[in-house]
Amino acid sequence: MASTLWIYHCYGLALWRPLMDSERMFGFIWQCFYSSCLRFWMKWLLRLVTGTCELQRICSQCKAGALRTSRIEYSLKSSKSKVLRSALSVKEADLEDLIAQIIQEKRIKVQKDHTFKLNFQKSLSQISGYSELFEAVEELRKEVYDSKKEEHEKMLLKLWELLMPSDKLESRITKQWCRIGFQGDDPKTDFRGMGMLGLKNLVFFSENYTDAARKVLSHSNHPKLGYSYAIVGINLTEMAYSLMSSGASKPHFYNTVCGKPQMQHFHEFYCYLAYEFDKFWLEEEPESIMEFNRYREKFHDKVKGQLQAQEVTLSLTLDAQK
């Protein structure tokens, strides 16, 4: 009986796979046809009927935030015009001039469409600002922790003081660092993957949400559900970094920052991940820390799912954790 069911199962898969491949192929062909031919004629027809270009229609019909900015971004990427495509990486100082060029090229009558220029400028600031922010994040990630640099050392000691105000460090290199989740007696070795970005995230969370950070630290010392606070924190820096690198976090930034995002906004995004992961970990109740990678991926998938919602804002909301 079991062997018969297995045969039916394999036969079903054999029939299903060609159907799935056919759907993918059809989707690919449709996408090519739409982007290379149909989209152009639809835009031309709508321009003829409405008297407005695609960018104008997006600005007037779409709500400010991710919905509007994402559609403008797609429109610019799909454009055959070099001027329009250059808007994706325009610097803040060149924004006004480029918008003037686009208005001229698309023959937009700003006298009739009073809101277009302002709305379009905000979206361009978000698009180019996201790219500039990621460049700054990448630079910080590549900056190696150097114990010879006073600024780096002060920041590390500040982290200890914020999290452990009643306990004084016996020395700079000490096993005490393990109490806040570092692996050995010198934390500098733990920053190799994320560089100074990891340390700055940890300090920002501890400095701006001190009570929440200390509460999360206390949870990390749970006898059964405990984990290495600092190491997990650096791991979550990598998650925030990868979500930004892939563009998955764009809807969040487009919805929360009206204009050009700054480094602070990345730190805030990290704080959300750090706080929410702690809640997630305690709710899931893993058998041991050995299951960290599995639950980390589960949390990652959850966040990615949230980021697919058009109106998503992943802002830290403090609640009464035990």
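Which residues line the largest cavity? I started my notebook with that one.

**Ground rules**

I am working on a predicted model, so I kept in mind that local features need pLDDT of at least 70, side-chain atom pairs count only at pLDDT 80 or more, and totals for chains, interfaces and linings use all residues. Numbering runs from 1 along each chain as its sequence is written, and side-chain values use heavy atoms, with hydrogens and water left out.

**Entry 1: the cavity**

I looked for cavities and got one of 30 Å³ or more. My terms: on a 1 Å grid over the protein atoms alone, a cavity is a set of points where a 1.4 Å probe fits but cannot get out, while a pocket is an open set with protein on both sides within 12 Å along at least five of seven lines; lining residues have an atom within 4 Å of a point. Points are joined across faces, edges and corners, and the volume is the space filled by probe spheres set on them.

The largest cavity comes out at about 70 Å³. Its lining is Leu202, Phe205, Val216, Tyr227, Tyr229, Val232, Gly233, Leu236, Tyr270, Ala274, Phe277 and Asp278. The elements giving two or more residues to that lining are H8, H10 and H12. I take helices as DSSP runs (H or I, at least four residues; strands are E, at least two), numbered from the N terminus.

By class I get 10 nonpolar, one polar and one charged residues in the cavity lining. Here Ala, Val, Leu, Ile, Met, Phe, Trp, Tyr, Cys and Pro count as nonpolar, Asp, Glu, Lys and Arg as charged, and the others, Gly among them, as polar.

**Entry 2: the second largest pocket**

Next I pulled up the second largest pocket, with a volume of about 170 Å³. Among its lining residues are Met194, Tyr227, Val232, Glu238, Phe292 and Arg296. H10 and H13 each supply at least two lining residues, and H10 gives the most, with five. The class split for this pocket is seven nonpolar, two polar and two charged residues.

**Entry 3: H10 itself**

H10 turned up in both linings, so to speak, and I checked its geometry. It covers residues 229–246, 18 residues, and reaches 26 Å from first C-alpha to last, close to the 26 Å expected at 1.5 Å a residue. The expected span is 1.5 Å times one less than the number of residues.

Which residues of H10 are buried? I list Tyr229, Ala230, Val232, Gly233, Ile234, Leu236, Thr237, Met239, Ala240, Tyr241, Leu243 and Met244. Buried is under 20% relative accessible area, exposed over 50%, and partly exposed in between (1.4 Å probe, protein chains only). After H10 comes Gly247, with a positive phi near 90°.

**Entry 4: aromatics**

I found 19 aromatic pairs in the structure. Rings of Phe, Tyr and Trp (its six-membered ring) pair if their centres lie within 6.5 Å; planes under 30 degrees apart are stacked, over 60 edge-to-face, and the rest tilted.

Phe182 and Phe191 make an edge-to-face pair, 5.6 Å centre to centre with 65° between the planes. Phe182 is buried at 4% relative accessibility, and Phe191 is buried at 2%. Phe277 and Phe280 have ring centres 6.5 Å apart and planes at 35°, so I logged that pair as tilted. These two are three residues apart in helix H12 (residues 263–284), about one helical turn, and both are buried. One aromatic cluster takes in Tyr227, Phe277, Phe280, Trp281, Phe292, Tyr295 and Phe299.

**Entry 5: salt bridges**

Side chains of opposite charge can pair when their charged atoms come close. My cut-off is a Lys or Arg side-chain nitrogen within 4 Å of a carboxyl oxygen of Asp or Glu. The search of the whole structure gave me 16 salt bridges.

Arg172 and Glu153 meet at 2.7 Å, N to O. Arg172 sits in the loop between helix H7 (150–163) and helix H8 (195–208) and Glu153 in H7, so the bridge ties together parts 19 residues apart in sequence. Glu153 counts as buried at 15%.

Glu276 and Lys279 form a bridge at 3.5 Å, N to O. Both lie in H12, three residues apart, about one turn of the helix. Are they buried or exposed? Glu276 is buried at 15%, and Lys279 is buried at 18%.

Glu297 bridges to Arg296, with the closest N and O atoms 3.1 Å apart. Glu297 is partly exposed at 38%, whereas Arg296 is buried at 9%. I also noted a network in which salt bridges with shared partners join Glu138, Arg141 and Lys142.

**Entry 6: Met290**

Where is Met290? I placed it in the loop between H12 and helix H13 (292–307). Met290 is exposed, with a relative accessible area of 74%. Its C-alpha is 9.8 Å from that of Tyr227, 63 residues apart along the chain.
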